[in-house]
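Reader: I am new to this structure. Please take one residue and describe closely where it sits and what surrounds it, beginning with the protein as a whole.

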Amino acid sequence: MKRTFLLLIIILAAISLAGCGTVQNNQTDFLQLIEVELTPPAQIKAGETVALSTRVTQNGQPVEDAQEVRFEIGQVDSDEPKMIEGSGQKDGVYSIETKFEETGTYYIVAHVTARGVHSMPRKQFEVIP
């Protein structure tokens, strides 16, 4: 009786472990890195409206179903950045339009969450008179 019970526990444990392995493989396939290409202009003129965008891909294919794309913009010397929600265009491109009133060195961070992965590339640029 004890041998049968022990054998049954071993078989159930093996089945449970085999099932966990399958779930892990599927999650690994799904959680592949996203690439977020953020390329602001090197210089922007103060007072002009400018479009800023990012392109999101996964395995070279455009990601058009991102859960969140927000742009954080602030001056390097300031502690008060602003967050602007990006809107989806096509081919995995998300963009905003904004205006910079003051000259100086700024940074932009694209906060992108897509397909279970989050990416936050950061770039700097200059606002000139």
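**A close look at T54**

Author: In the protein, 62% of the contacts (heavy atoms within 4.5 Å) between residues at least 6 apart in sequence join residues at least 24 apart. The model is predicted, so local features need pLDDT of at least 70 and side-chain atom pairs pLDDT 80 or more, while totals for chains, interfaces and linings use all residues. Residues are numbered from 1 along each chain as its sequence is written, and side-chain values use heavy atoms, without hydrogens and water.

The protein has one helix and 11 strands (DSSP runs, H or I of at least four residues for a helix and E of at least two for a strand, numbered from the N terminus). Read from the N terminus, the helix comes before the strands. Of the 129 residues in the protein, 29% are buried (under 20% relative accessible area with a 1.4 Å probe and protein chains only; over 50% is exposed, and partly exposed lies in between).

T54 belongs to strand β3, which covers residues 49–58. Because its relative accessible area is 1%, T54 counts as buried. Leaving aside residues up to four places away in sequence, T54 touches V36, E37 and L38, V69 and F71, G92, V93 and Y94, and also A110. With E37 there is a further detail: the side chain of T54 reaches the backbone oxygen of E37 at 2.9 Å. As for G88, 34 residues separate G88 from T54 in sequence, and the C-alpha atoms of the two are 9.8 Å apart in space.

Conventions:
A polar contact is a pair of N or O atoms within 3.5 Å; within protein, one must be able to donate a hydrogen and the other to accept it, and residues adjacent in sequence count only if both atoms are side-chain atoms.
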